[in-house]
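Grab your viewer and work through the exercises below. Each one sets a task and then walks through a solution.

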Amino acid sequence: MMSLEHMDSHEVESAIEAILFVSGEPVKISRIADVLGVAENEVELAGDRLRDHYSYVRRGIRLVRLEDTLQLCSSPEYADYIRRALETRKPPQLSQPALEVLSIIAYFGPVTKAYIEQIRGVDSSYTVSLLQDRELVEPCGRLAAPGRPMLFKTTHVFLRTFGLESLKELPELPQVEGAEDEKEGIQNAIMELKARETELAAELETPKEADFANDTEPQDGDNVTDLSDAALTGDTADMQEITEQ
């Protein structure tokens, strides 16, 4: 077994590569650092070098950073070959209702389903459930309020799907003054996610059975409605009081 005390930079990169290859899932940078006995910034730098190397030599794999984790995934240009070899179908694109809900959670999360419905003006239970099935959103605790409603946030799968390292890379919503400007801000967010989805759809993993193209949720004309000042610019401080499940 290799002595961890004498690992050079190349050996650190190789160890990270092996860990991520076998895992198949995102692995925390702190966990890798603990196992290798090196500083977290050394793992981050080694990950950057691996990412640049894979991209430069046009390898069939990519290394992506998702917040405080690293993961190996396939290069998007080979997605068609992967689907044909593994006989998987092309992932369905998200419907307009799904993009609306996902945009609200991404920009204003963690939020409750009631908060989402206040903004959209329609029941959103069906779409929230589908987004959970696709592992794009997940419960993250309960709001410290009567009834303790569930809070939802986006996941690492969301970041990978839309080509983001963290939610900080989301485009800023424009400053809003009235309800019409607020509506435009959310629509801009939806358009941005839609553009990213179209561009990076090849990086999605094999989809599950949920097909967003057949979203039958009440859609209210597929428009974001009831964008009141309270819905988008109101006091959300109470949502920070999260008690983990």
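**Exercise 1: the start of α1**

Which backbone nitrogen does a side-chain oxygen of Asp8 reach at the start of α1?

*Solution.* Before starting, note that this is a predicted model, where local features need pLDDT of at least 70, side-chain atom pairs count only at pLDDT 80 or more, and totals for chains, interfaces and linings use all residues. Residues are numbered from 1 along each chain as its sequence is written, and side-chain values use heavy atoms, with hydrogens and water left out.

Step 1. Find α1, which is residues 9-23. Helices (H or I, at least four residues) and strands (E, at least two) are DSSP runs, numbered from the N terminus.

Step 2. Look at Asp8: one of its side-chain oxygens comes to within 3.1 Å of the backbone nitrogen of His10. A polar contact is a pair of N or O atoms within 3.5 Å; within protein, one must be able to donate a hydrogen and the other to accept it, and residues adjacent in sequence count only if both atoms are side-chain atoms.

Step 3. Go to the other end, where Gly24 follows α1 with a positive phi, near 75 degrees.

**Exercise 2: the two faces of α1**

Work out which residues of α1 are buried and why they end up on the same side.

*Solution.* Step 1. Check the length: the 15 residues of α1 reach 21 Å from first C-alpha to last, close to the 21 Å expected at 1.5 Å a residue. That expected span is 1.5 Å times one less than the number of residues.

Step 2. List the buried residues of α1: Val12, Glu13, Ala15, Ile16 and Leu20. They share a side of α1 because they cover an arc of only 165 degrees around the axis (the arc is that of the directions from the helix axis to the C-beta atoms). Buried means under 20% relative accessible area, exposed over 50%, and partly exposed in between (1.4 Å probe, protein chains only).

Step 3. Turn to the face pointing away from the buried side, and you'll find the exposed residues His10, Phe21 and Val22.

Step 4. See what the buried residues of α1 pack against: β1 (27-28), α2 (29-36), α3 (40-56), β2 (61-66) and β3 (69-74). Contact here means heavy atoms within 4.5 Å.

**Exercise 3: two buried helix residues**

For Leu159 and Ser103, find the helix each sits in and what each one touches.

*Solution.* Step 1. Leu159 belongs to helix α8 (residues 156-161) and is buried at a relative accessible area of 1%.

Step 2. Skipping residues up to four places away in sequence, Leu159 touches Leu66, Glu67, Leu164, Glu165, Ser166 and Leu167.

Step 3. Ser103 lies in helix α5 (residues 96-108) and is buried too, with 0% relative accessibility.

Step 4. Leaving out neighbours within four places in sequence, Ser103 makes contact with Ala189, Ile190 and Leu193. Ser103 and Glu192 are 89 residues apart in sequence, yet their C-alphas are 9.2 Å apart in space.

**Exercise 4: backbone oddities in loops**

Which peptide bond is cis, with omega near 0 degrees? While you're there, look up phi for Arg58 and Glu67.

*Solution.* Step 1. The cis bond runs from Gly109 to Pro110, and Pro110 sits in the loop between α5 and β4 (111-112).

Step 2. Arg58 isn't a glycine but has a positive phi, near 55 degrees. Arg58 is in the loop between α3 and β2 and is exposed, with a relative accessible area of 58%.

Step 3. Glu67, also not a glycine, has a positive phi of about 55 degrees. Glu67 falls in the loop between β2 and β3 and is partly exposed at 36% relative accessible area.

**Exercise 5: how far to trust the model**

Where in the chain is confidence lowest, and where is it highest?

*Solution.* Step 1. Start with the average: the chain has a mean pLDDT of 75, and 69% of the residues score at least 70. pLDDT is the predictor's confidence in each residue, from 0 to 100.

Step 2. The lowest confidence is in helix α10 (residues 229-233), at a mean of 33, while α2 has the highest, at 94.

Step 3. Over residues 202-245 the pLDDT is below 50, and this stretch has 122 contacts in the model beyond near neighbours in sequence.
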